[in-house]
Amino acid sequence: MSSPCLSIKNMTMAYGNFIIQRDLDFTINRGDIFVIMGASGCGKSTLLMHLIGLHRPMSGDVFYGEESLWQADYKTRQRLLRQTGVLFQSGALLSSMTLAENVALPLTEHTRLGAQRIRQLVSYKLALVGLAGFEDYYPAELSGGMQKRAGLARAMALDPKILFFDEPSAGLDPVSAKLLDDLIRSLRDHLGATIVIVTHELASIFAIGTYSVFLDMETKTMIASGPPKQLLAESRDPKVLRFLTRGASESSNISAIKRQGHEIL
Amino acid sequence: MAVDNRPSNITLNCKAHLLEVVIVGDWLLDSQIPDLDLVLAQFGDGTQFKQLVFSTESLGRWDSLLMTELIKLITYSEEKGISVDTKTLPSGIQGLLSLVSAVPERAGVRRQSIDVPWLEVVGNSGLRLQSDVNALIVFIGNLTLSVSAFFRGKAHFRWVDLWRNIQDCGPSALPIITLISLLVGLILAFVGSVQLSLFGAQLYIADLVGLGMSREMGGLMTAVIMSGRTGAAYAAQLGTMQVNNEIDALETMGFNPMEFLVLPRVLALIFVMPLLCLYADLMGIIGGALVTVSFFEVSFVEYINRTINAIHMLDLSVGVFKCAVFGVLIALSGCMRGMQCGRSASEVGDATTSAVVTGIVFIVIADSLMTIICNRLGI
């Protein structure tokens with residue numbers, strides 16, 4: 001089960017000369033629900049941009065299995081990225097198209113399926129995310145949570161092996177966020193996909209994360225990695241603990257903090 | 001590295017009341033699959049069967065394609081009254097099937113496409129026109145209130161916005177105005193020269209270009225350029241603000257968007273347009289001079305003298321006044337379409353398009369009216 005699916009080797013990310021994060025080095029295994037966490041502005045979303053081929057790293061590389069993403073030529077990169085699906089923070093549905101057209105877009109572009117079959121696939125994907133019957137709606141006519149689920153249906157259109165989520169529960173009420181978490185987990189279980197989530201939502205992190213890295217803004221690198229619950233139980237780094245306990249570790253007694261942390265859960 | 005796909009197949013085994021569906025091979029999006037309708041046809045009327053089970057020992061790799069076929073098969077069987085035993089499917093497929101049926105379709109959610117009779121289409125477009133005109137009148141009313149508030153010194157907006165708008169639609173527009181006006185003057189001179197040189201009256205090209213530019217073409221071309229440049233920008237700016245809820249935010253902070261956003265834009269354009277018009281007139285006259293001096297035996301000084309004699313203050317004023325009116329119309333259509341914009345990216349595009357179209361229509365209509373009036377009054 002633990003074969004590497006995505007490895008980040010010695011990567012440094014920067015905008016111009018401004019370094020966001022340096023020396024990132026970690027591996028995402030097949031079947032993981034991998035959480036990238038950290039405070040707002042620490043470069044979580046930027047890291048995601050680097051993983052999905054939208055932003056070139058200053059140095060270092062990303063490997064899909066054995067294949068390098070950034071050494072590869074354009075065509076190879078497109079082929080590697082074909083096996084990924086991305087759900088952006090606000091869904092990023094094309095507003096001039098209906099949900100059905102949005103989900104059908106990658107299918108018509110990258111497969112040779114007939115119109116009838118594509119329609120069936122679209123209905124199936126929308127039903128999977130609980131939007132059966134909403135084929136002919138425009139994104140603007142839906143609530144934020146529904147837009148996000150429709151974005152997920154589009155991300156899954158080509159049956160990707162790796163699904164990326166940028167802040168999936170941002171802007172959702174707790175119940176919807178919980179439902180989305182459940183959906184993500186059952187998709188992982190049934191599709192056998194690998195999930196990479198960028199989030200700072202503690203409830204989600206502990207509920208579904210199987211492994212995680214913590215990016216720190218001041219030292220500009222990752223300062224902890226491991227299963228989230230284990231980090232909470234064993235980490236000695238005050239920054240990580242403060243994050244995982246919602247700042248409760250301002251008091252000095254570490255064991256008290258951990259107790260509080262478990263109460264939150 | 002790529003594994004060859006094994007051919008996929010689906011067959012039916014009938015055992016008394018039991019219908020066994022055997023699925024073999026790889027079922028992937030890029031693979032050839034058998035036609036399910038042929039299989040469904042074997043069901044007959046389906047009354048002799050009670051239960052449907054699956055046999056998937058030889059099923060290879062699968063993805064959404066298999067799922068859609070299974071869903072079709074299961075729906076069909078259930079319609080025939082055959083109970084489907086999904087327990088005989090692999091656990092991944094079972095899980096996905098339960099996810100699909102977890103949120104059943106809500107009644108009345110699906111949209112039926114309705115054929116609208118043509119009479120209704122005509123009626124609807126009439127109603128739309130009416131509501132457009134209503135919106136225009138309301139907008140003009142609100143704008144008038146804001147302008148009167150401005151003159152009473154009670155309008156709330158930032159002066160820095162006004163200056164920035166003036167900078168955007170004034171000096172920044174000079175290069176394009178220079179180019180277009182110079183060429184329009186050039187064209188006028190060429191067109192005129194064909195006729196006038198027949199009579200040896202090349203010097204009168206100066207009259208033609210000078211009057212043509214100052215009364216008509218200078219203002220009109222400036223207006224068309226500014227409508228495409230600034231009118232469209234206004235619509236896009238305000239439309240994007242509408243999409244991002246920025247206009248709502250301003251309103252909750254106690255600003256009147258009409259005063260805060262629209263007024264500085266309208267004022268900037270009214271202030272700048274006459275100046276641009278004078279500049280365009282000058283450029284047009286230079287364009288005409290270039291042609292006349294280089295192709296005919298007219299000296300530059302002669303041409304300028306002739307022009308000064310031909311153009312009266314009144315001609316210039318008429319042109320500048322027209323251009324100020326065009327400025328109001330451009331700002332009006334740009335800001336109105338921007339404020340009316342819906343809440344999606346595509347609607348910003350629609351607003352921009354419609355701002356330019358509305359602007360140019362307004363300009364041409366206003367120009368015709370003013371030309372007729374000037375003609376009747378003998379100005």
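Buried here means under 20% relative accessible area, exposed over 50%, and partly exposed in between, with a 1.4 Å probe and protein chains only. Keep that scale in mind as we walk through this predicted model, in which local features need pLDDT of at least 70, side-chain atom pairs count only at pLDDT 80 or more, and totals for chains, interfaces and linings use all residues, while side-chain values use heavy atoms, with hydrogens and water left out. Residues are numbered from 1 along each chain as its sequence is written, and chains are lettered from A and ligands numbered from 1 in the order in which they are written.

**Stop 1: a serine between two helices**

Select A:Ser235, in the loop between helix 8 (228-234) and helix 9 (238-244) of chain A; helices (H or I, at least four residues) and strands (E, at least two) are DSSP runs, numbered from the N terminus. A:Ser235 counts as buried because its relative accessibility is 11%. Now show its side chain, which comes to 3.2 Å from the backbone nitrogen of A:Asp237.

**Stop 2: two positive phi values in chain A**

Next, go to A:Asp23 in strand 2 (residues 18-29) of chain A. This residue is not a glycine, yet its phi is positive, near 55 degrees. A:Asp23 is partly exposed, at 44% relative accessible area.

Then pick A:Ala92, in the loop between strand 6 and helix 3 of chain A. A:Ala92 is also no glycine and has a positive phi of about 55 degrees. Its relative accessible area of 34% makes A:Ala92 partly exposed.

**Stop 3: the largest pocket**

Turn on a surface and look for the largest pocket, with about 1,900 Å³ of space. On a 1 Å grid over the protein atoms alone, a pocket is an open set of points where a 1.4 Å probe fits, with protein on both sides within 12 Å along at least five of seven lines, and lining residues have an atom within 4 Å of a point. To find the centre of the largest pocket, select A:Asp159, A:Lys161, B:Leu28, B:Asp30 and B:Arg61, the closest to it of 46 lining residues. Elements giving two or more residues to this lining are helix 2 (74-82), helix 4 (115-128) and helix 6 (174-191) of chain A, plus strand 4 (59-62) and helix 2 (64-79) of chain B. Coloured by class, the lining shows 21 nonpolar, twelve polar and 13 charged residues.

**Stop 4: the second largest pocket**

The second largest pocket has a volume of about 640 Å³. Select A:Leu81, A:Thr84, A:Val86, A:Pro106 and A:His110, which lie nearest its centre among 20 lining residues. Which helix gives the most to the lining of this second largest pocket? Helix 3 of chain A does, with four residues.

**Stop 5: a kinked helix in chain B**

Move to helix 7 (residues 205-243) of chain B and centre on B:Met213, where there is a kink of about 60 degrees. The bend at a residue is the angle between axes fitted to the seven residues ending there and the seven starting there. After helix 7 of chain B comes B:Asn245, with a positive phi near 65 degrees.

**Stop 6: the cysteines**

Finally, how many disulfides does the structure hold over all chains? Zero, a disulfide being a pair of cysteine sulfur atoms within 2.5 Å. Select B:Cys335: its closest cysteine sulfur, in B:Cys169, is 11 Å away, too far for a bond. B:Cys335 is buried, at 0% relative accessibility. A:Cys5 is buried too, with a relative accessible area of 5%.

Definitions and conventions
A polar contact is a pair of N or O atoms within 3.5 Å; within protein, one must be able to donate a hydrogen and the other to accept it, and residues adjacent in sequence count only if both atoms are side-chain atoms. Grid points are joined across faces, edges and corners, and a volume is the space filled by probe spheres set on the points. Ala, Val, Leu, Ile, Met, Phe, Trp, Tyr, Cys and Pro count as nonpolar, Asp, Glu, Lys and Arg as charged, and the others, Gly among them, as polar.
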